[in-house]
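Welcome, and please load the model in your viewer with the cartoon representation switched on. We will go from one selection to the next, with a short note at each stop.

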Amino acid sequence: MPKRNRKKQHFSRYLTINNEELEINASSEFGVYVEIMEKIVEQLDACYRIHKRVCVILFILQHRETSQNNDDISRFMNVIKQWIKRRYKTKKIGSVWVREWEKAKAKSHHYHCALFLDGDVVNKSFVILQAIKSKWFKHGNVPVNKLDNPHYNIRKENYKEERDAVLWRLSYYAKTRGKGYRNSQAKDYQTSRLKLNLINNNS
């Protein structure tokens, strides 16, 4: 399976997006894709402007065997979002997933994922992560590994510090390493499409 990527790469610890300089997890040796970072910033900020408080939940989904498309992650993210909407009576969920496969370390690809949720109804990750583990395992995949610090709560009183921490963490999702091993029609990443001026959106 060939490695395919034409996105702009950035090799520096600081990246400017929308006239804001962000500190990211990159270096002269290990770069990130600018396009992915721009979409992450856009969706996180849109979610904050909509909800005023945002709970960010991070998780990784690992496959038993690799595939050339992303049909499974698309279906799964829709399933977990609908479950969250029903359980917490919430709408407008932000999200991002990135597809990676470091072939020297694993026999199949995996997905780094994040959900951006209304922080007034969700401020912890345990229940949602348990649901993610259960639903992903039922699809025939391996159990979800537990991450250190799997959630963040962005509020007015900690906005800059917590948002900076989230974007630093999510900049790892945009890293160039491990991307591109997929079908030419498949993508390396996908985000929600939250917009302030739309009542109905594809979140």
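Begin on helix 2 (residues 71–88) and pick out R75 and R86: both are exposed, on the other side of this helix from its buried residues. Exposed here means over 50% relative accessible area, buried means under 20%, and partly exposed lies in between, with a 1.4 Å probe and protein chains only. Helices (H or I, at least four residues) and strands (E, at least two) are DSSP runs, numbered from the N terminus.

Before moving on, note that this is a predicted model, where local features need pLDDT of at least 70 and side-chain atom pairs count only at pLDDT 80 or more, while totals for chains, interfaces and linings use all residues. Residues are numbered from 1 along each chain as its sequence is written, and side-chain values use heavy atoms, with hydrogens and water left out.

**Helix 2, the buried side**

Now select D72, I73, F76, M77, I80, K81, W83, I84 and Y88, the buried residues of helix 2. They lie on the same side of the helix, because they cover an arc of only 160 degrees around the axis (the arc is that of the directions from the helix axis to the C-beta atoms). What do these buried residues of helix 2 pack against? Show strand 5, strand 6, strand 7 and helix 3, and you have their partners; contact means heavy atoms within 4.5 Å.

Helix 2 has 18 residues and reaches 26 Å from its first C-alpha to its last, close to the 26 Å expected at 1.5 Å a residue. That expected span is 1.5 Å times one less than the number of residues. Step just past the helix to K89, which has a positive phi near 55 degrees.

**Helix 3**

Next, select residues 126–138, which form helix 3. With 13 residues, helix 3 reaches 18 Å between its first and last C-alpha, close to the expected 18 Å. Its buried residues include I128, L129, A131, I132 and W136; these cover an arc of only 155 degrees around the axis, so they sit on the same side of helix 3. Turn to the other side of helix 3 and you will find F126 and K138 exposed. The buried residues of helix 3 pack against strand 5, helix 2 and strand 7.

**Strand 5 and its neighbours**

Select residues 54–62 for strand 5: seven of its nine residues are buried, so this strand is largely enclosed by the rest of the structure. Add strand 7 (residues 110–118), which pairs with strand 5 in the antiparallel sense over nine bridges. Two strands pair if DSSP finds at least two bridges between them. A good place to zoom in is C55, which stands opposite L117 of strand 7. Then add strand 8 (residues 151–154), antiparallel to strand 5 over four bridges, with V54 standing opposite I154.

**The nonpolar cores**

Display side chains for M37, V56 and F116, which have the most contacts inside the largest nonpolar core, a set of 33 residues. Such a core is a set of buried Ala, Val, Leu, Ile, Met, Phe, Trp, Tyr and Cys residues joined through side-chain atoms within 4.5 Å. Among the elements that each supply at least two residues are strand 2 (14–17), helix 1 (34–51) and helix 4 (159–171). Helix 1 gives the most, with nine residues. Another core, of 23 residues, lies apart from it; I80, Y88, I93 and W97 are among its members.

**Cysteines**

Select C47 and C55. The structure holds zero disulfides (a disulfide is a pair of cysteine sulfur atoms within 2.5 Å), and for C47 the nearest cysteine sulfur, that of C55, is 9.8 Å away. C47 is buried, at 0% relative accessible area, and C113 is buried at 0% as well.

**Two loop residues**

Which loop holds N18? Look between strand 2 and strand 3 (20–23). N18 is not a glycine, yet has a positive phi of about 55 degrees, and at 67% relative accessibility N18 counts as exposed. Finish the close-ups at K52, in the loop between helix 1 and strand 5. Phi of K52 is positive too, near 75 degrees, and K52 is exposed at 53%.

**Zooming out**

Show the whole chain again: four helices and nine strands, following the pattern β-β-β-β-α-β-α-β-β-α-β-α-β. Of its 203 residues, 49% are buried.
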